[in-house]
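Got the viewer open and a free hand on the selection box? Let's walk through this one stop at a time.

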Amino acid sequence: MSPIIEVENLFFRYAGAGKAQERLPWTLDDISLSVPAATTLGIVGESGSGKSTLIRLLCGLVPMQRGIVRSEGRALSEWLGRDAARFRRGTQIVFQNPRRSFDPRMTIGASVSQPIQALERRRPTIEELARQMEHVGLPPALLDRYPHQVSGGQLQRVAIARALTVKPKILYADEATSALDVSVQAQVLNLLMDLRDELGLTLILVT
Ligand code: ADP
Ligand code: MG
């Protein structure tokens, strides 16, 4: 079976990078990797080393410059042309700061509903939303609250629930625990591992 995500000789540099910093002209320099489905890959590196850029490239959020990214054996350009919706659905990201990934004026329920509304053109039922909350260890009563009314750890669980509503194949967690208290970090990480095992997710953890 083809790897769920495969990268060959990827180079990437933001326009203008390297002029002020001649020593580090490349953001990403000759990256190759291969991730079999339902496994976990950890990407570790210092701040500014290009981890988030790599993820954006793998998700098709940044245009490629050199190299090739394949998902299930097909080049990303092919996915994003003919099967863009299927690709977007299969690829979800949880970001570092949950406070910045939610609209503070929307209830948690409205936010969790969004991916299904966008990708399936329907409103999820209250039962579906409640199930998603329970799946990440949260009481469904939180659906009526606003982001500022829950803790950072709870909100990151909500972000995971929101990403899972559309049944992705790959979940990217871009420093998804680093804004949380140390005790909560371990809980969120354990939740991600449990979900990976339960749902057969491919987990790409950036730290
Ligand atoms: P990391 O996630 O490992 O901290 P990033 O991928 O965010 O690293 O950034 C890698 C490098 O690219 C950094 O030097 C950063 O300042 C630069 N960079 C990030 N985003 C942009 C952008 N949109 N335009 C120009 N440079 C950027
Ligand atoms: Mg980053």
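Before selecting anything, one cut-off to keep in mind: a residue is called buried when its relative accessible area is under 20%, exposed when that area is over 50%, and partly exposed in between. Also remember that what you are looking at is a predicted model.

**Stop 1: a pair of charged side chains**

Select Glu120. Its relative accessibility is 26%, so Glu120 counts as partly exposed. Now add Arg122: the two side chains meet in a salt bridge, 2.7 Å from N to O. Arg122 is partly exposed as well, with a relative accessible area of 32%.

**Stop 2: other salt bridges**

Jump to Arg196 and Asp197. They form a salt bridge in which the closest N and O atoms are 3.0 Å apart. Buried or exposed: what is Arg196? Arg196 has a relative accessible area of 18%, so it is buried. Asp197, on the other hand, is exposed, at 55%.

Next, show Arg74, Glu78, Arg82, Asp83 and Arg86 together, since this is a group worth seeing at once. Salt bridges link these five residues in a network. One of the links is between Asp83 and Arg74, whose side chains come to 3.1 Å, N to O. Asp83 is partly exposed, with 21% relative accessibility. Across the model, the count of salt bridges comes to 13.

**Stop 3: the parallel sheet**

Switch to cartoon and pick out β3, β8, β7 and β6. That is the order in which these four strands form an open sheet, and the pairing is parallel. At the edges stand β3 (40–43) and β6 (91–94); each has a single partner strand, so one side of each is left without a neighbour in the sheet. From one strand to the next, the twist averages 15°.

Zoom in on β3 and β8 (residues 202–206), which pair in the parallel sense over four bridges. Which residue of β8 stands opposite Ile43? Look for Val206.

**Stop 4: helices on the sheet**

Keep the sheet on screen and add α1. This helix lies across β3, β6, β7 (170–174) and β8, and runs at about 160° to β7. Helix α6 (residues 152–164) packs on the sheet too, touching β6 and β7, and its direction makes about 175° with that of β6.

Color α1 (residues 51–58) by accessibility. Six of its eight residues are buried, so the helix is largely enclosed by the rest of the structure. The buried ones are Lys51, Thr53, Leu54, Ile55, Leu57 and Leu58. Step just past the end of α1 to Gly60, which takes a positive phi of about 75°.

Back in helix α6, select Gln156. Gln156 is buried, with a relative accessible area of 0%. Leaving out residues up to four places away in sequence, Gln156 touches Val94, Phe95, Gln96, Pro98, Ala176, Leu180 and Val188.

**Stop 5: α4 and the helices it packs against**

With α6 still displayed, bring in α4. The two pack at an angle of about 30° with their axes 8 Å apart, and are therefore roughly parallel to each other. To see the contact, select Ile108, Ser111, Val112 and Pro115 of α4 along with Leu155, Val158 and Arg162 of α6. By class, that contact has five nonpolar residues, one polar and one charged.

Then swap α6 for α5. The axes of α4 (residues 108–120) and α5 (residues 126–135) come within 11 Å and cross at roughly 100°, and this pair is therefore roughly perpendicular. On the α4 side, pick Ile108, Gly109, Val112, Ser113 and Ile116; they meet Glu128, Leu129 and Met133 in α5. The residues of this contact divide into five nonpolar, two polar and one charged.

**Stop 6: β1 and its antiparallel partners**

For the last stop, select β1 (residues 5–12). Six of its eight residues are buried, so β1 is largely enclosed by the rest of the structure. Add strand β2 (residues 28–35): five bridges join it to β1, and the two run antiparallel. Label Glu6 to find its bridge partner in β2, Ser34.

Now show strand β4 (residues 66–71), which pairs with β1 in the antiparallel sense over four bridges. Which residue of β4 is the bridge partner of Glu8? Label Ile68 and you have the partner of Glu8.

Definitions and conventions. Residues are numbered from 1 along each chain as its sequence is written. Chains are lettered from A and ligands numbered from 1 in the order in which they are written. This is a predicted model: local features need pLDDT of at least 70, side-chain atom pairs count only at pLDDT 80 or more; totals for chains, interfaces and linings use all residues. Side-chain values use heavy atoms; hydrogens and water are left out. Buried means under 20% relative accessible area, exposed over 50%, partly exposed in between (1.4 Å probe, protein chains only). Axes are lines fitted to C-alpha atoms, for helices over the stretch in contact, and angles run from 0 to 180 degrees between N-to-C directions. Angles under 35 degrees count as roughly parallel, over 145 as roughly antiparallel, 65 to 115 as roughly perpendicular and the rest as oblique. Contact means heavy atoms within 4.5 Å. Ala, Val, Leu, Ile, Met, Phe, Trp, Tyr, Cys and Pro count as nonpolar, Asp, Glu, Lys and Arg as charged, and the others, Gly among them, as polar. A salt bridge is a side-chain nitrogen of Lys or Arg within 4 Å of a carboxyl oxygen of Asp or Glu. Two strands pair if DSSP finds at least two bridges between them.
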